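Reader: Hi! I'm just starting out with protein structures, and I'd love a close look at one single part of this one. Could you walk me through it step by step?

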Amino acid sequence: MKLAVCLNIGAILLAGKLFAHEFWIDPLEYMVPSGGEIRADLRVGTEFRGAPMVYLPRDFTRFEIADANGLRPVEGRFGDRPAAHVAGVADGLVVMIHESTPKLVTWSEWETFAAFAAHKDFGAVEARHNARGLPRAGFSEAYTRHVKALFAVGEGAGQDQRFGLSTEFVALENPYLDDVSDGFLLQLFDQDTPRAAVQVELFARSPEGEVTITLHRTNDQGEVNLPVMSGYAYFADAVVLDEITPQEDGPVWGTRWAGLSFMIP
């Protein structure tokens with residue numbers, strides 16, 4: 001039996017949204033006919049809406065695609081948009097992978113960081129921050145993104161798997177072929193360890209373009225069962241908070257963002 005703990009959210013997310021920008025792979029088409037080209041934007045924004053990014057090798061450490069023939073880089077030219085356009089993909093469930101290089105954000109006031117930490121459910125961050133003797137303002141965070149997207153080429157048969165991302169969602173079902181009327185099951189990892197009892201944020205975009213957001217929680221095995229509906233596109237997001245040993249002008253916190261894009265036919 002699938003198990004899930006979820007919480008519907010509304011206005012309580014407002015403060016956190018102002019300071020949390022998600023990054024995701026946004027397929028132009030999730031379902032591609034045999035012999036077709038896979039195309040996808042890289043987007044950063046909020047509420048499953050954001051600006052498309054161009055192909056820029058300095059911004060990623062991995063940008064790959066996996067099909068029945070194996071794993072290979074997503075090749076592109078500087079400034080390409082959409083950032084990914086891949087031909088010659090084998091039929092089946094195809095996975096696109098992107099891991100970003102680290103970037104920095106400086107928090108000018110504690111209240112802003114605290115709202116972000118509460119939105120992402122980091123727990124007793126203020127006590128940890130104070131115990132480390134960190135300043136209440138003017139401190140930095142380093143963040144990286146670790147995202148995947150699922151495409152169906154042809155019939156779309158196949159199964160997602162782990163690809164060694166620093167933090168990673170793995171789909172335990174095929175959203176294009178399996179019966180997900182009782183929910184879509186994912187497992188969340190931090191390195192090789194399932195992430196138990198942590199928050200997963202689910203962004204759902206209807207065929208009309210309306211976006212809703214719900215919060216969910218993984219079980220003891222790092223699994224989460226997400227409610228899904230036919231015709232909707234989805235992005236699941238979960239964030240790891242790491243302590244970083246302070247160095248001169250360096251970050252004192254680190255965040256690693258896992259994400260997975262998919263749709264339900």
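Author: Let's begin with arginine 205, which stands opposite alanine 233 in strand 18. This is a predicted model, so please read everything here in that light. The pairing belongs to a longer contact: strand 15 (residues 199–205) is joined by five bridges to strand 18 (residues 233–243), and the two run antiparallel.

Arginine 205 also has a bridge partner in strand 16, namely valine 211. Strand 16 covers residues 211–217, runs antiparallel to strand 15 and is joined to it by seven bridges. Strands 15 and 16 make a hairpin, with five residues between them. In that turn you can find glycine 209, whose phi is positive, about 95°.

Now look at the side chains of strand 15. Gln199, Glu201, Phe203 and Arg205 point one way, while Val200, Leu202 and Ala204 point the other way. Seven of the seven residues are buried, so the strand is largely enclosed by the rest of the structure.

Follow Val200 next, as it is one of the residues touched by phenylalanine 169. Phenylalanine 169 also touches others far along the chain, including Leu186, Ala236 and Leu260. In the largest nonpolar core, which has 39 residues, Phe169 is among the four that touch the most other members, together with Leu150, Leu186 and Phe262. Strand 18 gives the most to this core, with five residues. Another core, of 21 residues, lies apart from it, and its members include Phe63, Val74, Val86 and Ala149. In soluble globular proteins, nonpolar side chains tend to be buried together.

Methods. Residues are numbered from 1 along each chain as its sequence is written. This is a predicted model: local features need pLDDT of at least 70, side-chain atom pairs count only at pLDDT 80 or more; totals for chains, interfaces and linings use all residues. Side-chain values use heavy atoms; hydrogens and water are left out. Buried means under 20% relative accessible area, exposed over 50%, partly exposed in between (1.4 Å probe, protein chains only). Helices (H or I, at least four residues) and strands (E, at least two) are DSSP runs, numbered from the N terminus. Two strands pair if DSSP finds at least two bridges between them. A nonpolar core is a set of buried Ala, Val, Leu, Ile, Met, Phe, Trp, Tyr and Cys residues joined through side-chain atoms within 4.5 Å. Contact means heavy atoms within 4.5 Å. Lists of a residue's contacts leave out its neighbours within four places in sequence.
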